[in-house]
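Hi there,

Here is the structure I promised to pass on. Have a look at it first, and then read my notes below.

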Amino acid sequence: MRNISDLIEQYLKHMLKESPGGAVELQRNDLADRFSCVPSQINYVISTRFTMEKGYMVESKRGGGGYIRIQRVELPTLSALQGHLAETIGDQVDQDTAEGIVYQLEEGKHISRREANLLRAAMSRDTIAVKLPLRDEIRARLLRAMLITLLVK
């Protein structure tokens with residue numbers, strides 16, 4: 001059984017997929033009523049599952065007529081993508097950012113689910129069992145090397 005956060009995420013992704021402009025505007029309270037949850041649950045889902053690293057831009061306006069706008073940010077061409085990844089990864093990358101990059105590449109069909117799972121396993125803090133900041137440096141080098149291999153066609 002999926003939890004409420006998973007259901008909200010899937011609903012929002014479906015709305016984005018069906019949206020002609022790749023963006024949706026919604027009322028936090030309306031969405032909370034739809035899923036019989038508190039508005040903070042909506043905030044949690046949006047702030048953890050619709051991040052820039054995962055390929056989404058979120059704009060929020062609070063108050064009486066407030067809304068949330070979620071827009072899918074498309075990945076650029078392969079050459080631009082490689083430049084973007086080099087800039088994003090840099091000399092160090094934390095696990096959340098690495099997982100966000102992998103998520104975005106999988107969602108964009110640049111890598112397969114199996115490749116994404118292998119990358120996640122290699123990027124895990126349990127796999128790279130050394131202290132910070134060395135762990136983030138190793139993660140950046142591994143991620144960069146693996147993505148160069150996977151994305152060069």
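In what order do the three strands of the open sheet come? The order is β1-β3-β2, and the pairing is antiparallel. Keep in mind as you read on that this is a predicted model.

**The sheet**

As background, the strands of a sheet are held in pairs by backbone hydrogen bonds, in a parallel or an antiparallel way. Here β1 and β2 (56-61) are the edge strands, each with a single partner, so one side of each has no neighbour in the sheet. On average, neighbouring strands are turned by 10° against each other, if you ignore direction. Between β1 and β3 the antiparallel pairing runs over four bridges. If you want a spot to find on screen, look for V24, which stands opposite I70 in β3. Helix α1 packs on this sheet and touches β1, β2 and β3, with its direction at about 125° to that of β1.

**The cores**

Next, the nonpolar residues. The largest nonpolar core has 17 residues, and I8, L12, I42, F50 and I70 are the ones that touch the most other members. Two or more residues of this core come from each of α1 (4-18), β1 (23-26), α2 (28-34), α3 (39-49) and β3 (67-72). Try clicking on F50: leaving out residues up to four places away in sequence, F50 touches E9, L12, K13, L16, V45, Y56, V58 and I70. There is also a second, separate core of 16 residues, with I89, V93, L105 and L147 among them.

**The salt bridges**

Now for the charged side chains. How many salt bridges does a search of the whole structure find? It finds seven. One of them links D6 and R49, whose closest N and O atoms are 2.7 Å apart. D6 sits in helix α1 and R49 in helix α3, so this pair ties together parts that are 43 residues apart in sequence. Are the two partners buried or exposed? D6 is partly exposed, at 24% relative accessible area, while R49 is buried, at 15%.

R49 also meets E9 in a salt bridge, at 2.8 Å from N to O. E9 belongs to helix α1 and R49 to helix α3, so here the parts tied together are 40 residues apart in sequence. E9 is buried, with a relative accessible area of 10%. Put these bridges together and you get one network, because shared partners join D6, E9, K13 and R49.

K13 comes in through E9: their side chains form a salt bridge at 3.0 Å, N to O. E9 and K13 are four residues apart in helix α1, which means about one helical turn separates them. Both E9 and K13 are buried.

**Two backbone oddities**

Most peptide bonds are trans, and most residues other than glycine have a negative phi. Where does this model depart from that? The peptide bond from L132 to P133 is cis, with omega near 0°. You'll find P133 in the loop between α6 (113-123) and α7 (134-151). Then there is S36, which is not a glycine but has a positive phi, near 50°. S36 is in the loop between α2 and α3, and this residue is exposed, with a relative accessible area of 69%.

Have fun looking around!

Terms used:
Residues numbered from 1 in each chain as written. Predicted model: local features only at pLDDT ≥ 70, side-chain atom pairs only at ≥ 80, totals over all residues. Heavy atoms only, no water. Core = buried A, V, L, I, M, F, W, Y, C linked by side-chain atoms within 4.5 Å. Buried < 20%, exposed > 50% of the residue type's maximum accessible area, 1.4 Å probe, protein only. Contact = heavy atoms within 4.5 Å. Salt bridge = Lys/Arg side-chain N within 4 Å of Asp/Glu carboxyl O. Pairing = 2+ DSSP bridges. Axes fitted to C-alpha atoms, helices over the stretch in contact; angles between N-to-C directions.
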